[in-house]
Every structure is written in structure tokens, then in C-alpha cells.
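Got your viewer open and a cartoon view loaded? Here's a short walk through the model, one selection at a time.

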Amino acid sequence: MSNFFNKKIYLETVDSTNTYLKKNDFPDKTLAYSFNQTNGKGRNNKVWNGTSGKNLALSVLLKPAFTVHNPLWFVAACSIALVKYLETLGIKKSCASEAE
């Protein structure tokens, strides 16, 4: 997977990694990430807040060569693949409910 991305962009600070990718003309499989996202957005215009230096915000630009008939399933499959990949790097799931 390390060769999967055509372009990787680290941003010191960014309003939104997703907005950043949308506003620029990047190739398929571009990764934008930051540990300081100031105005992130989730699906359905949900606010996506994080703590600077403690949260990784990332977006991946995909331009599939096929028609995506159900975008939610496509996003779910990509998310699962990313989690599995991070686990191979020794990065494990962490959530507040487990820490309590």
C-alpha cells in the first residue's frame, strides 16, 4: 500500500483536507493529511473537529475508472481497507469509550 498513493501532501495547518483536495487539480490517489485541521467537515455537512497535534485528519482523492453505484458502500469499503492497513503498521483503533 505504500506505493498506492500517486501524491502525498502534508499540511501543517489546513481548514479542511477535503476542501483542499477539491480546490486543487490533483491526480487520482492523492492523499492530503494534517494534524491541525481547523474547519473540517464530515458527511452531510457535519462538523469534524479535532485537537491540534492529537488527531490525524486525512482525505484521499479517488477518481475511479468505474461507476460507483453506491457511494456509501464504496466509502465503507475504502475505510475498512485503510483501518486494516494502519493495523499492519501497528496503529490500533483508539476511542474515548475504551479509554474510560
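Which residues make up the largest nonpolar core? Keep in mind that this is a predicted model, then select I9, L11, V14, L21, F26, A32 and L61: those seven residues are the core. As background, nonpolar side chains in soluble globular proteins tend to be buried together.

**Stop 1: two leucines of the core**

Keep L21 highlighted and show its surroundings. If you skip the neighbours within four places in sequence, L21 is in contact with F26, T30, A32, S59, V60 and L61. Now switch to L61, which has its place in strand β5. With the same kind of neighbours within four places left out, the contacts of L61 are L21, F26, P27, D28, K29 and T30. Next, put a distance label between the C-alpha atoms of L61 and N18: it should read 8.3 Å, although the two positions lie 43 residues apart along the chain.

**Stop 2: the sheet**

L61 has already taken you into β5, so colour the sheet that this strand belongs to. How many strands form the open sheet, and in what order? There are three, in the order β1-β2-β5, and their pairing is mixed. Look at the edges next: β1 (7-10) and β5 (57-61) each have a single partner strand, so one side of each is left without a neighbour in the sheet. On average, neighbouring strands here are turned by 15 degrees against each other, ignoring direction.

Zoom in on β1 and β2 (residues 30-34), which run parallel and are joined by four bridges. To find one bridge by eye, pick K8 and look across to L31 in β2, its bridge partner. In general, strands of a sheet pair through backbone hydrogen bonds, either parallel or antiparallel.

**Stop 3: K29 and the ring it covers**

Select K29, in the loop between α1 (17-23) and β2. What is unusual to check in its backbone is phi: K29 has a positive value of about 65 degrees although it is not a glycine. For context, most residues other than glycine have a negative phi. K29 counts as partly exposed, because its relative accessibility is 24%. Follow its side chain outwards, and you'll find the charged end of K29 over the ring of F4, 5.0 Å from the ring centre.

**Stop 4: aromatic pairs**

Staying with F4, show the aromatic side chains; the structure holds four aromatic pairs. How are the rings of F4 and F5 arranged? Their centres are 5.2 Å apart and their planes stand at 85 degrees, so the pair is edge-to-face. Is F5 buried or exposed? F5 is buried, with a relative accessible area of 18%, while F4 counts as partly exposed at 33%.

Jump to F66 and F74 for another edge-to-face pair, with 6.0 Å from centre to centre and 75 degrees between the planes. F66 counts as exposed because its relative accessibility is 52%, over the 50% cut-off. Its partner F74 is partly exposed, with a relative accessible area of 24%.

**Last stop: a loop threonine**

Finish at T51, in the loop between β4 (47-48) and β5. T51 is partly exposed, at 47% relative accessibility. Draw one more C-alpha to C-alpha distance, from T51 to T38: the two are 9.0 Å apart in space and 13 residues apart in sequence.

How values were computed. Residues numbered from 1 in each chain as written. Predicted model: local features only at pLDDT ≥ 70, side-chain atom pairs only at ≥ 80, totals over all residues. Heavy atoms only, no water. Pairing = 2+ DSSP bridges. Helix = DSSP H or I, 4+ residues; strand = E, 2+ residues; numbered from the N terminus. Axes fitted to C-alpha atoms, helices over the stretch in contact; angles between N-to-C directions. Core = buried A, V, L, I, M, F, W, Y, C linked by side-chain atoms within 4.5 Å. Buried < 20%, exposed > 50% of the residue type's maximum accessible area, 1.4 Å probe, protein only. Contact = heavy atoms within 4.5 Å. Phe/Tyr/Trp six-rings, centres within 6.5 Å; stacked < 30°, edge-to-face > 60°. Lys NZ or Arg CZ within 6 Å of the ring centre and 35° of its normal.
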